[in-house]
Amino acid sequence: MDTDEFRQRGHALIDRIADYWDGIEDRPVRSKVRPGDIIAALPAEAPERPEGFDRILADFDSILDPGLTNWAHPRFFAYFPANISPPAVLGEVLAAGLGQQAMLWETSPAANELEAVTMAWLGKAIGLPEGFEGTIQDSASTATLCALLAAREKALGWTGNTEGLAARQPLMVYASAEAHSSIDKAGRIAGFGDAGLRHVPTDANFRMMPDALEAMIKEDKAAGRLPAAIVASIGATGIGAVDPVREIAAVAARHGVYLHVDAAWAGSALVCPEFQHLADGVEGADSLVFNPHKWMGVNFDCSAHFVKDPQILRKALSILPAYLVSEGSGAGPEYRDWTIPLGRRFRALKLWFALRNIGLEAIRGMIRNHVAWAEEFEGLVTGEPDYALAAPRSLALVVFRFAPAGVDGDALDALNDRLIATVNETGFTYLTRTLVKGRVAVRLSIGNLMTERRHVLEAWDHIREVARGLSGNDD
Ligand SMILES: Cc1ncc(COP(=O)(O)O)c(C=O)c1O
């Protein structure tokens, strides 16, 4: 493809994306293809000779397009959002075209320095105290893994990397049972193992109990184990639980344990001053992660990882072979030692485009709308006799059950699983499940830029219509 054709194809591709957004509401939210359909429709080997772009796009339309689950759909209420915005998508396209590789300062001063600036903007926007510095990771999972590696090395006096973990005291990390599975995974990779992850009991509001945390740490110390890290959640995945960071930070400080805060989803809401109380005490944390790719209009991947003392992270992850020594080293910001891969994308560009072209005020407006509509949805659930909240609403996440009289226990679980499956099959809206105290519940999570109040109300009508059909079948 020469640059003339690239120009023409590129313009048409942007038109295609705009058409996709304009027509997205007519699509099913969840793809209707069956497992294996797409693999079966594609050749088993790459072509030897070039194929025309029209032909490739025709295959995209006939084979891949039906396999899209439409995350940007205004009635996408599953998981947490992975929202996008036009300026961020343009930033992504430009970053791809520029082919920057931001591993060292001198391999892309623009990418490294813009990352420093946009992360400082974000830190201020979410009310982080002075002193935190940030980098952009691909995901919250990576940020949490880096945090646990830093915590491990700090606890081991910086000798784990050099001497290995054999014959060491067992390393311990603490998180509530509500915490995301990325903490379990990070614990495995960082050498804590499942045995080194303790789930701290939660109170009636699913918040980690600081007293129980402290008791566990004391018990582990007395038994010769090494408490290294605590992960507190602000907006855990299942029901959006928020741990009391201030009290947890006090425990961490008393015992010299590293504190990481996982605010992957809810962190974006901290741009609204009225929600910043959720992070009360965050100045006592060592690091925090949140995902602008979830709820800030920046397309995946863009995960903001803030640390109070970057030196801890660098000491844990730094490695400098001869071929990476560069003239620019130390002259400007450089993030390869804040993360796992050496190669780094120019992610700051899409963040910069989005923050500038949307503006914080509009991001706050979007988040406030989502929270207000979730509150309205919560009211509809509690006002309907056959429905009940399964947990208190958290920001724009409502967790509820279809609970007709006389159905309980396993039968109620099965009924709610059927409700979710049937709703999702229709393609009209898309919901996910969770367990609350071991019992199935339905999650409705609002977070898309294109969602309007009417979409939430339409989803509620649809859920009730499907549920009526199901309970009718049960009779
Ligand atoms: C609370 C929480 N933490 C971590 C993650 C993992 O995020 P990522 O996909 O960026 O690794 C999620 C994903 O939804 C989450 O909800």
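**Entry 1: a buried loop residue**

I started at Phe-206, which counts as buried because it has 22 C-beta neighbours inside 10 Å, and the cut-off for buried is 20 or more. I was working in a predicted model. I then looked up where Phe-206 sits, and found it in the loop between S3 and helix H9 (210-222). Its phi is near 65 degrees, a positive value in a residue other than glycine. I noted that beside a general point: most residues other than glycine have a negative phi, and most peptide bonds are trans.

**Entry 2: another positive phi, and a cis bond**

Next I went to Lys-437, where phi is near 50 degrees, again a positive value in a residue other than glycine. Lys-437 belongs to the loop between S10 and S11. Is Lys-437 buried or exposed? I found it exposed, with 8 other C-beta atoms within 10 Å; exposed means 12 or fewer.

I also looked at the peptide bond between Phe-300 and Asp-301, which is cis, with omega at about 10 degrees. Asp-301 lies in the loop that links helix H11 (292-295) to S7.

**Entry 3: the domains**

I stepped back to see the whole chain. The domain assignment lists domain 1 (3-70), domain 2 (92-358) and domain 3 (360-474). Between the centres of domain 2 and domain 3, taken over C-alpha atoms, I read 31 Å. Where these two meet, 19 residues of domain 2 are in contact with 16 residues of domain 3. On the domain 2 side of that meeting I counted off twelve nonpolar, six polar and one charged residues.

**Entry 4: the seven-stranded sheet**

I followed the strands of one open sheet and wrote down the order S1-S7-S6-S5-S4-S2-S3; there are seven strands, and the pairing is mixed. Which strands are at the edges? They are strand S1 (133-137) and strand S3 (197-200), each paired on one side only. From one strand to the next, the twist averages 20 degrees.

I then picked out S2 (residues 171-176). It pairs with S3 in the parallel sense over four bridges, and five bridges join S2 to S4, also running parallel. Within these pairings, Val-173 stands opposite Leu-197 in S3, Ala-175 has His-199 of S3 as its bridge partner, and Leu-171 stands opposite Leu-226 in S4.

S2 is mostly covered, with six of its six residues buried. Leu-171, Val-173 and Ala-175 point one way from S2, while Met-172, Tyr-174 and Ser-176 point the other way. Going on along the chain, I saw that S2, helix H8 (residues 181-189) and S3 make a right-handed β-α-β unit.

**Entry 5: helices on that sheet**

I checked two helices here. Helix H5 (residues 109-125) lies across S1 and strand S7 (303-307), and runs at about 110 degrees to S1. Helix H10 (residues 245-255) packs on the sheet and touches strand S4 (226-233) and strand S5 (258-262). The direction of H10 makes about 170 degrees with that of S4.

**Entry 6: the four-stranded sheet**

I moved on to another open sheet, where four strands follow the order S8-S9-S11-S10 with antiparallel pairing. Strand S8 (387-389) and strand S10 (432-436) stand at the edges with a single partner strand each, so one side of each is left without a neighbour in the sheet. The twist in this sheet averages 45 degrees from one strand to the next.

Inside the sheet, strand S9 (residues 397-402) and strand S11 (residues 439-445) pair in the antiparallel sense over four bridges. There I found Val-398 opposite Leu-444 in S11. Helix H14 (residues 360-382) lies across S8, S9 and S11, at about 15 degrees to S9. Helix H15 (residues 409-426) lies across S9, S10 and S11, at about 30 degrees to S11.

**Entry 7: Leu-313**

My last stop was Leu-313, in helix H12 (residues 310-317). Why does Leu-313 count as buried? It does because 26 other C-beta atoms lie within 10 Å. Which residues does Leu-313 touch, not counting those up to four places away in sequence? I listed Cys-146, Ala-150, Val-307 and Trp-338. I also looked up Asp-138, which is 175 residues from Leu-313 in sequence and 16 Å from it in space, C-alpha to C-alpha.

Definitions and conventions. Residues are numbered from 1 along each chain as its sequence is written. This is a predicted model: local features need pLDDT of at least 70, side-chain atom pairs count only at pLDDT 80 or more; totals for chains, interfaces and linings use all residues. Domain bounds come from an automatic or database domain assignment. Two residues are in contact if their C-beta atoms, placed from the backbone, lie within 7 Å. Ala, Val, Leu, Ile, Met, Phe, Trp, Tyr, Cys and Pro count as nonpolar, Asp, Glu, Lys and Arg as charged, and the others, Gly among them, as polar. Two strands pair if DSSP finds at least two bridges between them. Helices (H or I, at least four residues) and strands (E, at least two) are DSSP runs, numbered from the N terminus. Axes are lines fitted to C-alpha atoms, for helices over the stretch in contact, and angles run from 0 to 180 degrees between N-to-C directions. A crossover is right-handed if, with the strands pointing away from the viewer, the path from the first strand over the helix to the second runs clockwise.
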